[in-house]
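Work through the exercises below with the model on screen. Try each task before reading its solution.

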Amino acid sequence: TPGCPLMQVSPAARLDERLAERLRRTVFIGSRRTPVQDLEFALQQLAQMAVRALSPGINDPYTAMRCIDQLCEGLCLLASRALPHPCRYDAEGRMRIVAAPPTFDDALVASLDQIRPYSGSSLIAARLLNAIRLIARHLRREDDRGALRRQARRVEEQTLLAAQTQDDREQMQRGLREALAALEPRR
């Protein structure tokens, strides 16, 4: 956003015009976000495609399911990787940059959490729960397990509110049990 700082130098007294110019050259600003440089943007694009596909005017659950599958693939990768440490050091070991990376929970909110309110169909809810089950296999961090567990509970709430038959409710409860079982720490 224009006028918002991108970085801060500390101590401020060390910032001269030469350093300011060097810092400016480290950042490239374009007219729009790109999925290559902005993980949240890439996830939001897929989530929005899924949401649009689920709109009453389009009603294309298979496109939404494919988007969920692609989000699941990306979240599996993210869950299995070590997140970068927020502190960056120079060659001499001095801390130079503190930049908090997006968290796994941020990625869930940008993706599955966007689709969940539109998951009234048991088909879509089942796909979300299956994605959660698959992602659980790749988790490395306990915080991520909690975030995914919260996501499963939200899908359950949404689905049980929208379920029209006892069969739908039972199917969702079975899917939820499987997702929660997958989220139990491995022994």
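**Exercise 1.** How many Å apart are the mean positions of the positive and negative charges of the protein?

Solution. The model is a predicted one. Begin with the charges: the protein carries 29 positive and 23 negative ones. Take the mean position of each group; the two means lie 4 Å apart.

**Exercise 2.** List the elements of the protein in order from the N terminus, then decide whether the protein is a compact globule or more spread out.

Solution. Step one is the count: there are 8 helices and 2 strands. Step two is the order, which reads α-α-α-β-β-α-α-α-α-α from the N terminus. Step three compares two radii: the globule rule gives 16 Å for 187 residues, whereas the radius of gyration is 21 Å, well over that value, so the protein is more spread out than a compact globule. The C-alpha trace spans about 70 × 45 × 20 Å along the principal axes.

**Exercise 3.** What share of the residues counts as buried, and what area does the protein expose?

Solution. Of the 187 residues, 31% are buried. The exposed area is about 12400 Å², and carbon and sulfur atoms supply 52% of this area.

**Exercise 4.** Describe how strands S1 and S2 are joined.

Solution. First locate the strands: S1 covers residues 87-89 and S2 covers residues 95-98. They run antiparallel and are joined by 3 bridges. Next look across the pair, where Tyr-89 is opposite Met-95 of S2. Last, inspect the hairpin: 5 residues lie between the strands, and Gly-93 has a positive phi near 85°.

**Exercise 5.** Is Gln-151 buried or exposed, and which residues does Gln-151 contact beyond its neighbours within four places in sequence?

Solution. Find Gln-151 in helix H7, which comprises residues 142-162. The cut-off for buried is under 20% relative accessible area. Gln-151 has 2% relative accessibility, so this residue counts as buried. With neighbours within four places in sequence set aside, the contacts of Gln-151 are Leu-108, Leu-112, Asp-113, Arg-116 and Ile-132.

**Exercise 6.** Why does Gly-175 count as buried, and how many Å separate Gly-175 from Tyr-62, C-alpha to C-alpha?

Solution. Gly-175 belongs to helix H8, residues 166-182. Apply the cut-off of under 20% again: Gly-175 counts as buried because its relative accessibility is 18%. For the second part, Gly-175 and Tyr-62 are 113 residues apart in sequence, and their C-alpha atoms are 19 Å apart in space.

Key:
Residues numbered from 1 in each chain as written. Predicted model: local features only at pLDDT ≥ 70, side-chain atom pairs only at ≥ 80, totals over all residues. Heavy atoms only, no water. Helix = DSSP H or I, 4+ residues; strand = E, 2+ residues; numbered from the N terminus. Rg over C-alpha atoms; globule rule 2.2 N^0.38 Å. Buried < 20%, exposed > 50% of the residue type's maximum accessible area, 1.4 Å probe, protein only. Areas by Shrake-Rupley, 256 points an atom, 1.4 Å probe, with all protein chains shown as cover. Lys, Arg positive; Asp, Glu negative; His and termini not counted. Charge placed at Lys NZ, Arg CZ, Asp CG, Glu CD. Pairing = 2+ DSSP bridges. Contact = heavy atoms within 4.5 Å.
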